[in-house]
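Please look through the sequence and the model below, and then follow this report as it moves from the surface to the interior and on to the cysteines.

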Amino acid sequence: MEESHTIETAVGKLAVRVEGDHEGAATVLWPSLFMSGRSFDRFLTFLTPQRRVVVIDGPGHGASGDPGHRYSTADCAQAAGQILDRLAIRGPVDWVGNAWGGHVGLAFAAARPTRCRSLVMLGTPMAALSSAERGRTYLLLAIYQLLGPIEIVLSGVTNVLLSAHTRVHDLEAVDLVRASLRQADRRMLSNAVKSVSLDRADATGLLPKIGMPTLIVTGRDHAGFTPDQATAAARLVRHGEVAVIPDAAYLVPLEAPETTAAAVSDFWIRSTADRPTDDAGPARLEL
């Protein structure tokens, strides 16, 4: 069963989709910048149905509005708490966030540890944008604001979010990314890029504050968050693990949904078992 909601939050009216077993474990999904919750659809088909899944379109994405001014990752985490309150989900949730969604989940888990049972970050770089990344983003944003989603913008964003393998062999994924850009509200998407990408701070300092089981996943072809960088991040988390997904970049739940879902499901099983000692280091799974 699927329910759709529009919920007023600290970052505007957000579109929320609720699927699955309402008596099951609650799972929150927050997608990447440029993408709506539909980017998780493939991933969801491989998860157990015995879960209550809450899929949130971030501000300025999908059917969501925005607050009409700049907002922060912490504001988005506050909005997630407001959505859970509105849906009467009081117990701790399993958070799964892709890129931007991972940043929001990290902020949510750090600020509200009793409301987060486990944290999964998919393709979520910890560092702020480098000078080169900021330069490319400013250029593409300026073109987008002036001319809209023309080809240089579509290809520029697609080439970052998707691996070369996906761009050649999965045209449906390519079409979804390009359609998301074409359908977005230009003002709201620009505000999102400025708020949560260009203005994003280094998130590394939050990692030692995370006490719940945490899985950090990255695509093997993710130039902005390499497997070694993901492993280094997991070392800062008390109960951190790493999974590396082949032939994928930022959008691992879209590019490799079955492999990603298997890694997440296995992690959920392990997270309920005995935890490793703090000095064991993060387990790294190459898939």
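On the surface of this predicted model, the residues L146, L147, I150 and I152 form a nonpolar patch, and together they have about 390 Å² of accessible area. One member of this patch, L147, has its place in helix α4, which covers residues 131–147. L147 counts as partly exposed because its relative accessibility is 49%, and partly exposed lies between the limits of 20% for buried and 50% for exposed.

The interior can be considered next. In soluble globular proteins, nonpolar side chains tend to be buried together. Here the largest nonpolar core has 68 residues, of which W30, V54, W95, L119 and L161 touch the most other members. Apart from this core lies another one of 22 residues, among them F40, V53, V55 and V252. Returning to L161, and leaving aside its neighbours within four places in sequence, one finds it in contact with S32, L33, F34, M35, V177, A249, Y250, L251 and E255.

How many disulfides does the structure hold? The structure holds zero disulfides. C76 is in no disulfide, since the nearest cysteine sulfur, that of C116, is 16 Å away, and a disulfide needs a pair of cysteine sulfur atoms within 2.5 Å. Seen from the other side, the closest cysteine sulfur to that of C116 is in C76, and the distance of 16 Å is too far for a bond. The table sets out how these two cysteines are classed.

| Residue | Relative accessibility | Class |
|---|---|---|
| C76 | 0% | buried |
| C116 | 3% | buried |

Methods. Residues numbered from 1 in each chain as written. Predicted model: local features only at pLDDT ≥ 70, side-chain atom pairs only at ≥ 80, totals over all residues. Heavy atoms only, no water. Patch = residues over 30% accessible without salt bridge, like charges linked within 9 Å, V, L, I, M, F, W, Y side chains within 5 Å. Areas by Shrake-Rupley, 256 points an atom, 1.4 Å probe, with all protein chains shown as cover. Salt bridge = Lys/Arg side-chain N within 4 Å of Asp/Glu carboxyl O. Helix = DSSP H or I, 4+ residues; strand = E, 2+ residues; numbered from the N terminus. Buried < 20%, exposed > 50% of the residue type's maximum accessible area, 1.4 Å probe, protein only. Core = buried A, V, L, I, M, F, W, Y, C linked by side-chain atoms within 4.5 Å. Contact = heavy atoms within 4.5 Å.
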